[in-house]
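Biologist: I'm new to this one and would love a close look at a single part. Could you walk me through one helix and its surroundings?

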Amino acid sequence: MGIERSTVGARHGLRALVTRPRAEAAGLAAALAERGIEAIVEPLLDIHYRDVSAPDLAGVQAILCTSTNGVRALARLSSERKRPLFAVGETTAARARSEGFARVESAGGNVADLARLVRGRLCPGAGRLLHVAGTEIAGDLVGALGADGFAIERAVLYEARPAAALNAGTVRALAAGFVDFALFFSPRTAAVFAALAERAGLVGALRGLTAISISAAADKALVGLAIRERCIAGSPDQPGLLAALDRVLVERRRA
């Protein structure tokens with residue numbers, strides 16, 4: 001899946017590898033198109049929603065979501081939209097609002113920021129918390145808030161399964177040096193890319209690639225790859241990652 005390049009993209013041939021699950025890739029591809037960059041969409045995690053009953057929200061004072069996929073999974077199972085929902089970042093918060101949740105707050109950061117927001121807004125005695133999550137979890141939100149006296153439960157509603165291999169077209173583009181940027185939104189996605197690139201024999205073919213990661217943890221998963229440049233977003237969300245990309249583009253225009 002790709003998008004038509006703008007005049008700038010066509011002239012300079014800029015391409016970026018988008019590794020997000022397909023549901024999140026479209027918005028990022030559109031943002032890249034505005035910058036004249038063609039998106040090569042290569043989802044490295046495939047989201048599978050679990051066939052389970054809707055979580056019991058009786059006595060729950062707030063729902064905590066650490067990913068957009070968690071929001072989607074919950075929205076599929078439950079029609080409840082009035083319960084306060086605390087999101088790890090603005091992207092997750094925006095997804096919750098688009099799904100109709102009426103009372104949404106964003107921590108604007110990571111799991112530690114979310115725990116801090118919850119401590120500042122809620123009281124342990126006002127009811128239990130529900131953390132909506134996948135099978136793979138970053139950070140220990142349950143442990144952090146449990147230590148503060150909150151009764152918190154985790155509802156595992158989806159699974160993010162790693163891709164078995166890179167698409168043949170993506171391998172050809174990377175091997176030929178036709179990809180300028182690779183964008184990573186999680187440590188797991190970055191680790192999957194590193195493993196699949198090695199499996200495809202691409203380790204020596206990535207020297208022209210600039211990797212932009214959402215966090216230091218995601219960047220760390222790429223340390224073993226010999227690539228041109230690694231950058232970390234100033235904030236752990238899509239706007240932060242795009243801002244990092246914009247800085248690289250400006251620097252290259254000046255060079």
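Which residue just after α2 takes a positive phi?

Modeller: Happy to help! That residue is glycine 36, with a phi of about 75 degrees. Please keep in mind that this is a predicted model.

Let's go back to the helix itself. Helix α2 covers residues 22–34, 13 residues in total. From first C-alpha to last, α2 reaches 19 Å, which is close to the expected 18 Å.

Now look at what α2 tucks away. Its buried residues are Glu24, Ala25, Leu28, Ala29, Ala31 and Leu32. An α-helix has 3.6 residues a turn, so residues three or four places apart point the same way. The cover over the buried residues of α2 includes the strands β1 (15–18), β2 (38–41) and β9 (181–184), and also the helices α3 (68–77) and α10 (238–254).

Some of these buried residues belong to a wider group. Ala25, Leu28 and Leu32 are among the 25 residues of a second nonpolar core, which also includes Leu183. That core is separate from the largest one, which has 44 residues. In the largest core, Ile63, Leu85, Phe101, Phe193 and Leu206 touch the most other members, and helix α8 (residues 187–199) gives the most residues, with 6.

For a last stop, find phenylalanine 184 and phenylalanine 193, whose rings form a tilted aromatic pair, 5.2 Å centre to centre with 55 degrees between the planes. Phenylalanine 184 counts as buried because its relative accessibility is 0%, and phenylalanine 193 counts as buried because its value is 1%.

Definitions and conventions. Residues are numbered from 1 along each chain as its sequence is written. This is a predicted model: local features need pLDDT of at least 70, side-chain atom pairs count only at pLDDT 80 or more; totals for chains, interfaces and linings use all residues. Side-chain values use heavy atoms; hydrogens and water are left out. A nonpolar core is a set of buried Ala, Val, Leu, Ile, Met, Phe, Trp, Tyr and Cys residues joined through side-chain atoms within 4.5 Å. Buried means under 20% relative accessible area, exposed over 50%, partly exposed in between (1.4 Å probe, protein chains only). Helices (H or I, at least four residues) and strands (E, at least two) are DSSP runs, numbered from the N terminus. The expected span of a helix is 1.5 Å times one less than its number of residues. Contact means heavy atoms within 4.5 Å. Rings of Phe, Tyr and Trp (its six-membered ring) pair if their centres lie within 6.5 Å; planes under 30 degrees apart count as stacked, over 60 as edge-to-face and the rest as tilted.
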